[in-house]
Amino acid sequence: MGRLTKFTGREGGRKRGRLKKLASAGVAAGLLLVTVVTGCGSQNVATGPAQTQGATTPQRGGTFINWMKDDPRSLDPAHCGDTQSYDIQMNIYDGLLTFDQSGKKVIPDLAAQMPTISNNGKTYTFELRKGIKFQNGDPLTADDVVYTFNRLAAKSTASEGEGYFSMIKGMDDVNQGKATTVSGVVKKGDYTVEFNLSAPNRTFLDVMALPYAFILDKKYTSALPNQADLSLKPMGTGPFKFVSWKRGQEIKLVRNQDYFMKDAAGRRLPYLDGITWKLGYDESVAFLKFKNKEQDYTWIPAADYVQVMNDPVLKKDVVSIVQNDFWYFAANEKVKPFDNKKLLLALEYGIDKEALLKLINNRGVIANGILPPNMPGYKQNPAGFKYDLAKAKSLMAEAGYANGLPGEYPVIYRQSQITNTLMVNIQAQLAKLGIKVKLDAVPFPQYLDVVTQGKATLLLGHWAQDYPDPDDFLNILFNTSQIPSNNLQCYSNPKVDAQLNQLCQEPDLEKAIPGYQAVEKTILQDGAEVPLYHDKAEYLLQPWVHAQLHPVFPYFYYLTAWIDQKAEKQATGK
């Protein structure tokens with residue numbers, strides 16, 4: 001959903017991830033989620049680690065002043081295909097399952113416990129927690145779960161995430177207009193729902209933890225005059241309630257006083273009174289506002305990176321994470337002349353990735369493959385590629401373009417300081433091959449609208465982990481069935497499709513790894529896209545804010561975040 005159709009956090013790719021304990025100087029390590037088994041099933045609670053300065057006990061109150069450069073694309077889970085939308089939606093809604101703080105294990109959320117699996121791995125039976133209420137007071141029942149998946153599958157909903165759930169019987173039938181309800185999602189009781197798959201699929205529990213599967217209130221959502229209104233008036237079971245969205249200015253959430261989760265001491269979560277995202281200004285302005293203590297979080301602008309890392313005060317406020325993601329450059333293979341394999345491989349050999357990283361203070365790791373370093377099956381250089389300008393020019397000649405391509409080709413990307421810097425350099429590098437490109441820097445929502453409809457000619461893309469399985473990168477990004485919502489370059493190889501479809505049915509991931517590695521090599525040798533680098537994300541967080549970063553994305557685990565209000569008052573004078 002890292003686009004989640006995963007989702008960039010920092011500079012504008014797509015998708016999202018889950019939670020990880022991550023400590024830094026001046027920032028508390030955060031709170032750890034554990035699962036306590038009770039007579040009514042499992043209950044998620046939190047415990048707090050030791051802290052080196054300031055208050056050591058989580059405090060109730062305070063508002064986290066966050067920031068996003070652009071408005072999110074949507075607050076409707078069916079369209080939660082990017083990190084910006086997910087950062088907000090994760091606080092409003094819950095799913096049947098979620099990931100634990102490591103981001104590697106699926107645990108119950110609205111489900112009372114993990115589902116019972118039967119029918120040779122094709123049937124999953126979920127029991128819901130009882131007593132859960134939506135933020136308007138409506139009770140959560142099995143009807144809401146069934147409704148959520150029928151809505152997700154509906155062609156009229158046009159969800160970018162429907163394809164994640166195509167292993168459920170009837171999902172694609174509804175999406176294609178062959179049925180009106182998903183046959184594989186069945187109510188078995190007021191608090192019992194059965195999911196039936198067409199075939200065993202190892203990734204089913206993973207995708208059930210994605211935001212597309214956040215559960216909606218059937219009564220509330222179906223009564224909306226227009227289904228698009230859910231994005232404007234979102235309502236779920238999550239820890240925070242939606243208040244307002246002033247486009248280009250701010251989004252406000254406040255604590256859900258009736259949220260079902262408690263910490264280990266029995267205190268109701270969340271601790272924060274609310275979260276406010278400031279919108280509509282770039283990272284340079286955000287950095288200044290952070291230094292003026294007007295907001296709690298910011299990116300570090302490329303132009304200010306050296307200054308920050310040499311500043312003894314600001315350096316203490318840096319939090320960092322190596323993301324399970326990758327940036328890539330790609331061409332739409334349905335657009336001539338980019339249906340030429342040799343031309344595509346010329347792009348791979350003709351882009352100097354080390355030069356790109358130097359431009360952004362080496363805040364990344366060179367990507368010669370698709371899978372990131374912390375993903376099972378990772379190989380450093382699966383196809384043996386390396387920068388070779390002479391070979392790139394030779395491939396151009398073999399493709400029939402010894403003197404370069406005729407004309408000029410647009411390349412679309414999300415506008416930011418870093419992406420602007422990268423694309424100006426890539427433009428110059430491609431010019432050496434005789435490829436002229438016109439840079440088209442646009443706001444993130446506009447970028448998504450173009451690329452997910454297959455309308456891009458060339459693009460700078462980004463993908464971050466949805467779930468810890470190579471299927472999330474290889475199947476979601478390169479299976480023909482994912483054109484164009486996730487397979488933005490419209491790459492299609494029937495042999496690759498067959499391998500990917502088979503590999504997801506292998507219940508043992510370790511046994512599937514060699515197959516995924518072979519598929520990755522084939523995709524790279526086909527020139528499907530040019531991997532550039534994996535992010536090393538570094539951000540600034542005010543020292544009075546105690547919050548964990550996700551293990552994949554540069555956003556926080558707000559459920560157990562808290563603010564040392566005394567320290568904040570002393571620092572800001574407010």
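This is a walk through the cores, helices and charged pairs of one protein structure. The model is a predicted one, so please read each distance below as a value computed from predicted atoms.

Let us begin in the interior. The largest nonpolar core counts 120 residues. Within this core, Leu96, Phe149, Phe165, Ile168, Phe195 and Phe329 are the residues that touch the most other members. Phe149 makes a good place to stop and look around. Setting aside residues up to four places away in sequence, Phe149 touches Phe165, Ile168 and Phe195, and also Met171, Val182, Val185, Met208, Ala213 and Ile215. Elsewhere there is a second, separate core of 41 residues, with Phe64, Met68, Leu230 and Ala537 included in it.

Phe204 brings us back to some of these names. This residue belongs to helix α4, which spans residues 204-207. Phe204 has a relative accessibility of 0%, and therefore counts as buried. Beyond its neighbours within four places in sequence, Phe204 is in contact with Ile168 and Phe195, along with Tyr124, Phe126, Met167 and Leu197. Lys122 is 82 residues away from Phe204 along the chain, yet 9.8 Å separates their C-alpha atoms.

Two helices are worth following from end to end. The first stop is α1, residues 83-92, a helix that is mostly covered: ten of its ten residues are buried. The buried set includes polar and charged names such as Thr83, Gln84, Ser85 and Asp87 as well as Tyr86, Ile88 and Met90. What do the buried residues of α1 pack against? Their partners are the strands β3, β10 (240-246), β11 (250-255), β12 (274-279) and β17 (408-414), together with helix α12 (444-451). At the N-terminal end of α1, Asp82 acts as a cap, with a side-chain oxygen 3.2 Å from the backbone nitrogen of Gln84.

Helix α6, residues 283-291, has Glu283, Ala286, Phe287 and Phe290 among its residues, and these four are buried. Looking down the axis of α6, the buried residues fall within an arc of 100°, so they line one face of the helix. The cover over them includes β3 (63-68), β13 (297-299), α7 (305-310), α11 (417-431) and β20 (530-541). An aspartate caps this helix too: Asp282 sits at the N-terminal end of α6, where one of its side-chain oxygens is 3.1 Å from the backbone nitrogen of Ser284. After α6 comes Lys293, which has a positive phi near 65°.

Now for the charged pairs. Side chains of opposite charge can pair when their charged atoms come close. The structure holds 18 salt bridges. One of them joins Lys187 and Asp143, at 3.2 Å from N to O. This pair links distant parts of the chain, since Lys187 is in strand β8 (residues 185-189) and Asp143 is in helix α2 (residues 142-153), 44 residues apart. Lys187 is partly exposed, with a relative accessible area of 38%, and Asp143 is partly exposed at 31%.

Asp469 and Arg202 form another salt bridge, with their closest N and O atoms 2.8 Å apart. Here the two partners are 267 residues apart, Asp469 in the loop between β19 (458-464) and α13 (471-478), and Arg202 in the loop between β9 (192-196) and α4. Are these partners buried or exposed? Both Asp469 and Arg202 are buried.

A further bridge brings together the side chains of Arg363 and Glu538, at 3.8 Å from N to O. Arg363 lies in the loop between α9 (353-359) and β16 (364-366) while Glu538 is in strand β20, so the pair ties together parts 175 residues apart in sequence. Arg363 counts as buried at 1% relative accessibility, and Glu538 is buried as well, at 4%. Salt bridges with shared partners also join Lys69, Asp70 and Arg414 into one network.

We finish with a charged residue that has no such partner. Glu520, in helix α15 (residues 509-525), is buried yet has no salt bridge. The nearest side chain of opposite charge is that of Lys379, 7.8 Å away. What lies 3.0 Å from a polar atom of the Glu520 side chain? The backbone nitrogen of Leu371 does. Leaving out residues up to four places away in sequence, Glu520 touches Leu371 and also Gly369, Ile370, Pro382 and Leu474.

Conventions:
Residues are numbered from 1 along each chain as its sequence is written. This is a predicted model: local features need pLDDT of at least 70, side-chain atom pairs count only at pLDDT 80 or more; totals for chains, interfaces and linings use all residues. Side-chain values use heavy atoms; hydrogens and water are left out. Buried means under 20% relative accessible area, exposed over 50%, partly exposed in between (1.4 Å probe, protein chains only). Helices (H or I, at least four residues) and strands (E, at least two) are DSSP runs, numbered from the N terminus. The arc is that of the directions from the helix axis to the C-beta atoms. Contact means heavy atoms within 4.5 Å. A polar contact is a pair of N or O atoms within 3.5 Å; within protein, one must be able to donate a hydrogen and the other to accept it, and residues adjacent in sequence count only if both atoms are side-chain atoms. Lys and Arg count as positive and Asp and Glu as negative; His and the chain ends are not counted. A salt bridge is a side-chain nitrogen of Lys or Arg within 4 Å of a carboxyl oxygen of Asp or Glu. A nonpolar core is a set of buried Ala, Val, Leu, Ile, Met, Phe, Trp, Tyr and Cys residues joined through side-chain atoms within 4.5 Å.
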